[in-house]
Amino acid sequence: MFTKKKNEDYSEKIMKVGADKLTVIALETMVKGSIEVEGDLRLDGTIEGNVSCKGNVIIGPQGWVKGNVICANAVLYGMLQGDIQVTENLLMKAGCTMGGDVYTGELEIESGARFNGTCNTADKDTFVANQGVKSETSDAEK
């Protein structure tokens, strides 16, 4: 009755599950500063700051984050300049650009995705909040 479709797009699955608590940052929208999201996040605009999300993060093809990301699952189509900590699954789709370190339970990188950084994998039970992800430097450190 409930069978997984062959070649099911993981990002579609995330959108179906989190539609009731979905935060969307639309194309041509810019957020400066860190944000915290209780549910899921769909980013088609720009965030300059850290993202902390209890649910799933999708960075769309025009989406761009300059900062660190912490979440449960993530699908990258766009650009991330910073570290990412994903407790479960990280999927880098063809055409995405990732510049930073990855801390995740599972990693999948499609052909055509660009990744410059280091990768660290562990069981989701071993992740501790903010483990391994560097925070933004404070004004005093700059």
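## Glutamate 110

A residue is called buried under 20% relative accessible area, exposed over 50%, and partly exposed in between. This model is predicted. In it, glutamate 110 has a relative accessible area of 27%, so this residue is partly exposed. Glutamate 110 is found in a loop. That loop runs between strand E14 (102–109) and strand E15 (114–116).

What does glutamate 110 touch, leaving out residues up to four places away in sequence? The contacts are Met92, Lys93 and Ala94. With alanine 94 there is a polar detail: the side chain of glutamate 110 reaches the backbone nitrogen of that residue at 3.0 Å. Glycine 95 is 15 residues from glutamate 110 along the chain. Their C-alpha atoms are separated by 8.8 Å.

## Strand E14 and its partners

Strand E14 leads into the loop of glutamate 110. E14 pairs with E12 through 7 bridges, and the two strands run parallel. One pair of residues shows the match: methionine 92 stands opposite isoleucine 109 in E14. Methionine 92 is also one of the residues that glutamate 110 touches.

E14 pairs with strand E16 (residues 119–121) too. This pairing is parallel and has 3 bridges. Here tyrosine 103 has asparagine 120 of E16 as its bridge partner.

Threonine 104 lies in E14 as well. Is threonine 104 buried or exposed? Its relative accessibility is 0%, so threonine 104 counts as buried. The side chain of threonine 104 reaches the backbone oxygen of glutamate 106 at 2.9 Å.

## An open sheet of six strands

Now follow another set of strands. An open sheet is formed by 6 strands, in the order E2-E5-E8-E11-E13-E15. The pairing is parallel. E2 and E15 stand at the edges. Each has a single partner strand, so one side of each has no neighbour in the sheet. From one strand to the next, the twist averages 5 degrees.

Look at the E15 edge. Strand E13 (residues 97–99) joins E15 by 3 bridges, and these two run parallel. Methionine 98 has phenylalanine 115 in E15 as its bridge partner.

## The largest nonpolar core

In soluble globular proteins, nonpolar side chains tend to be buried together. Here the largest nonpolar core holds 24 residues. Which members touch the most other members? They are Leu41 and Ile84. Several strands supply at least two residues each, including strand E3 (35–37), strand E4 (40–43), strand E6 (51–53) and strand E7 (56–59). Strand E9 (69–71), strand E10 (73–76) and strand E12 (84–92) also do so. The largest share, 4 residues, comes from E12.

Leucine 41 has a long list of contacts, not counting residues up to four places away in sequence. Among them are Leu22, Ile25, Ile35, Ile47, Val51, Val57 and Ile58. The list also includes Thr23, Cys53 and Asn56.

## Leucine 27

Where is leucine 27? It sits in the loop between strand E1 (22–25) and strand E2 (30–32). E2 is one of the edge strands of the open sheet.

Leucine 27 is in contact with Asp44, Gly45 and Gln62, leaving aside neighbours within four places in sequence. Proline 61 is 34 residues from leucine 27 in sequence. In space, the two are 9.9 Å apart, C-alpha to C-alpha.

Key: Residues are numbered from 1 along each chain as its sequence is written. This is a predicted model: local features need pLDDT of at least 70, side-chain atom pairs count only at pLDDT 80 or more; totals for chains, interfaces and linings use all residues. Side-chain values use heavy atoms; hydrogens and water are left out. Contact means heavy atoms within 4.5 Å. Buried means under 20% relative accessible area, exposed over 50%, partly exposed in between (1.4 Å probe, protein chains only). A polar contact is a pair of N or O atoms within 3.5 Å; within protein, one must be able to donate a hydrogen and the other to accept it, and residues adjacent in sequence count only if both atoms are side-chain atoms. A nonpolar core is a set of buried Ala, Val, Leu, Ile, Met, Phe, Trp, Tyr and Cys residues joined through side-chain atoms within 4.5 Å. Two strands pair if DSSP finds at least two bridges between them. Axes are lines fitted to C-alpha atoms, for helices over the stretch in contact, and angles run from 0 to 180 degrees between N-to-C directions.
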